[in-house]
Amino acid sequence: MSELVTTVSSYQQAAAVIAAGADRLYLGEDEFGLRLPHSFAREELAAIVTLAHQEQKKVTVAANAIFHNDRIAKIDEYFRFLAAIGVDEVSIGDPGAINVLRRAQLNLPYLYDAADLVTSSRQINFWGKHGAHAAVLAHEVPYQEMMPLSQKVTIPVEVTVYGAIVIHQSGRPLLDNYSNFVQEHLDRTDRQRGLFIATPHHDETHYSIYEDRNGTHIFANNDLDLLPDLPKLWDLGLRRWKLDGLFADEATFPQVVAAFAQARALLAAGTATAADLAVLDQTVQQLQPAGRGLDNGFFDLDPDEVK
Amino acid sequence: MLTAVKHPEVLAPAGTPEKLKVAIDYGADAVYIGGDAYGLRSRAGNFSFAEMKSGADYAHQHGAKVYVAANIVAHEQNLAGAGSFYRQVRDAGIDAVIVSDPSLIETAITEAPGLKVHLSTQASATNYETLNFWQNEGLERVVLAREVGIAEIKEMRQHTDVQIEAFVHGAMCIGYSGRCVLSNHLSLRDANRGGCAQNCRWKYDLFDLPDLGQKRELVGHGPDGKAEKFSMSAVDMSMIEHIPDLVEAGVDSLKIEGRMKTVHYVSTVANVYSTAVRKYCADPANYQLDPAWVDELWKVAQRELSTGFYYGTPNEEFQLFGQRRRLPHYAFVGEVLAYDAATRQVTVQQRNNFGIGDQIEFYGPNFSHHTQAVTDLFDEDDQAIDRAPHAMQVVHFTCAQPVQPGDFVRAQARH
């Protein structure tokens with residue numbers, strides 16, 4: 001059993017990533033979900049659910065925001081809508097939303113996704129005991145930690161294998177605040193504006209930063225690409241893989257999905273070679289937008305290197 | 001008409017056994033400390049189990065409580081031994097542990113029965129459903145995210161009876177606590193396991209890539225005309241001017257940040273907040289903010305002060321940009337060992353260099369104050385000296401007003 005989960009930015013892209021081999025689509029609206037390529041209106045969402053189900057694919061809807069009182073009060077109605085249109089799963093990162101979902105007694109499983117906070121098998125199993133049927137592993141968990149973790153988990157674990165990695169979420173409008181202080185206003189501070197920050201003495205670094213209704217978000221210097229490392233994940237049994245197209249080129253992202261789908265097919269057939277994967281990875285690298293690097297994040301880090 | 005109201009707890013930080021005693025002596029109703037493991041302040045002076053026990057004994061003798069912060073987000077290799085750690089904390093007489101990782105919460109509850117558990121602010125609890133979730137799990141208290149406002153706390157109070165703890169003073173994370181791994185990625189130090197390198201306080205270049213990856217710097221200029229880089233550094237929090245709002249909103253515990261801070265800071269801040277809360281709760285109708293409390297807090301301030309998210313989303317004035325205002329800086333110079341009313345001689349153990357001519361200030365629990373110049377100074381052999389330069393040196397000098405053993409002495413630092 002393996003699953004390729006991909007973000008979706010439009011109906012057309014949904015059709016394209018399904019054709020490219022995605023098994024599950026990940027999307028939502030930014031009132032409830034975090035860092036999405038597009039904030040879908042409800043009728044758009046329903047249309048994509050219909051499309052996915054026609055193709056025997058599944059849909060996960062993001063409800064993983066950090067909710068304040070005003071928005072937690074709306075989540076029950078949203079869950080009921082999602083259940084009514086046949087959504088297969090919601091992602092949740094705020095335990096308050098789990099409380100609401102339990103009470104609603106809907107046929108709507110949840111995936112626990114609290115970004116960087118899910119770092120151990122015992123925590124994953126905690127959420128499993130509380131009804132989660134899968135959990136998203138933090139990007140800061142290296143392969144060496146995944147090895148023992150994979151032996152102990154009682155529910156499937158989703159590992160991000162491609163895309164931008166969030167490293168900071170602030171409730172403050174950090175770009176607007178800076179802009180107001182210097183009185184030299186940025187015309188826009190949203191994701192499409194394409195702003196970056198570089199760390200002191202490292203001019204070559206480029207951390208994406210943007211604001212939306214959920215605050216300010218900052219991303220790792222390079223996007224993640226674990227395509228060459230997929231055999232290791234496969235062997236550990238960590239086979240639910242997420243591709244996040246937040247900063248990917250909308251038109252070519254399905255080709256990235258296709259490369260990962262081909263890699264997955266080779267692994268399933270038991271015929272994957274390093275050379276095959278290198279060729280597929282070359283495709284991923286070539287499709288990467290200008291100005292955005294790729295690396296494998298914390299995957300190869302010795303856990304002792306992190307203080 | 002307002003009558004006496006429920007007295008919320010003033011919760012102070014205590015990085016060492018000495019600070020624990022000082023915080024309690026200076027009015028804190030409870031203190032929080034760190035153990036040798038599972039805490040987020042790896043550089044604070046953390047407590048052994050024996051020190052926890054003696055600290056808890058001291059607190060309980062004075063009607064106070066001690067909590068242990070064990071709020072890391074555990075990785076696979078951190079899990080072994082957690083149950084034993086919590087049992088030893090419980091057996092040391094600690095009143096509760098402050099935890100954020102659900103796996104450690106479960107461990108504390110199942111493997112150390114009887115130990116009370118509080119949800120750490122690192123879990124960023126921001127709504128009443130989340131509070132109820134954790135209460136259903138058996139937690140006694142939730143420490144709110146710093147992003148929650150007064151109006152939101154009032155609304156929470158109508159939907160939950162779990163104890164609510166809220167930060168009222170000290171440094172703040174610029175991001176949602178727990179949802180920041182800048183330090184992991186920029187410095188290979190795990191922010192959620194005690195290694196935060198405070199990368200949010202760095203100065204960053206802001207830029208875009210308009211022409212196929214060609215970098216274009218976006219440099220702003222401050223009001224002084226100087227180039228100003230992008231930064232995420234928050235000013236500190238102070239809610240001393242809003243104690244009635246916090247009490248009336250239903251906050252059960254007012255938390256002061258700063259397990260890394262000095263005895264001077266802990267004594268001053270605990271003193272001010274405990275005095276303000278006591279006065280408000282005793283007679284809310286006639287309560288007035290004493291400007292001296294505000295002055296007192298500025299004496300130990302490290303940054304400018306703000307109300308955080310309590311009254312709305314913080315704007316640029318709540319962040320550190322441009323030239324910082326010069327803050328008054330006071331040094332902690334000694335502790336009173338004895339006072340002889342007949343000779344008006346005070347005996348002081350030195351903590352920082354001071355001497356004749358310095359303007360000094362005595363302060364003690366219950367907000368007692370006395371300011372004077374040092375006009376004479378004698379060492380332990382009654383030899384006249386000009387200054388007390390040695391750490392822990394015992395000296396005596398004339399003090400015009402009675403002071404108490406345990407009172408502290410501060411002096412304005414010379415810039």
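Which residue in β23(B) is the bridge partner of Ala331(B)? Keep that in mind, everyone, and I'll come back to it shortly.

Hello, and thanks for having me. What you see above is a predicted model, so let me start with how confident the predictor is. For the complex, the predictor gives an ipTM of 0.96 and a pTM of 0.94. Chain B has an average pLDDT of 93, and 96% of its residues score at least 70.

Now to my opening puzzle. In chain B, strand β16, residues 330-340, pairs with strand β23, residues 408-412. The two strands are antiparallel and share 5 bridges. The partner of Ala331(B) is Ala411(B), so to speak an alanine facing an alanine.

Let's zoom out to the sheet around that pair. It is an open sheet of 6 strands in chain B, in the order β20-β19-β23-β16-β17-β22, with antiparallel pairing. At the edges sit β20 (368-373) and β22 (394-398) of chain B, each of which pairs on one side only. If you ignore direction, neighbouring strands in this sheet are turned against each other by 35° on average.

Next, where do the two chains meet? On chain B, 61 residues are in contact with 54 residues of chain A. Several elements of chain B give two or more residues to this side, including α4 (102-111), α5 (128-136) and α6 (150-159). Which element gives the most? That is β8(B), with 7 residues. Sorted by class, the side of chain B that touches chain A has 26 nonpolar, 20 polar and 15 charged residues.

β8(B) is worth a second look, since strand pairing crosses between the chains here: strand β9 of chain A, residues 195-198, pairs with β8(B) in the antiparallel sense over 4 bridges. If you want one spot to find on screen, look for Phe196(A), which stands opposite Phe207(B) in β8(B).

Last stop: two helices in chain A. The axes of α9 (residues 253-269) and α10 (residues 274-287) of chain A come within 9 Å and cross at roughly 170°. Angles over 145 degrees count as roughly antiparallel, which means that α9(A) is roughly antiparallel to α10(A). Among the residues making the contact are Val256(A), Ala259(A) and Leu266(A) from α9(A), and Leu277(A), Leu280(A) and Val284(A) from α10(A). By class, this contact has 8 nonpolar, 3 polar and 1 charged residues.

That's my tour. Thanks for listening!

Definitions and conventions
Residues numbered from 1 in each chain as written. Chains lettered and ligands numbered in written order. Predicted model: local features only at pLDDT ≥ 70, side-chain atom pairs only at ≥ 80, totals over all residues. Contact = placed C-beta atoms within 7 Å. Nonpolar A, V, L, I, M, F, W, Y, C, P; charged D, E, K, R; others polar. Pairing = 2+ DSSP bridges. pLDDT = per-residue confidence, 0-100. Axes fitted to C-alpha atoms, helices over the stretch in contact; angles between N-to-C directions. Parallel < 35°, antiparallel > 145°, perpendicular 65-115°, else oblique.
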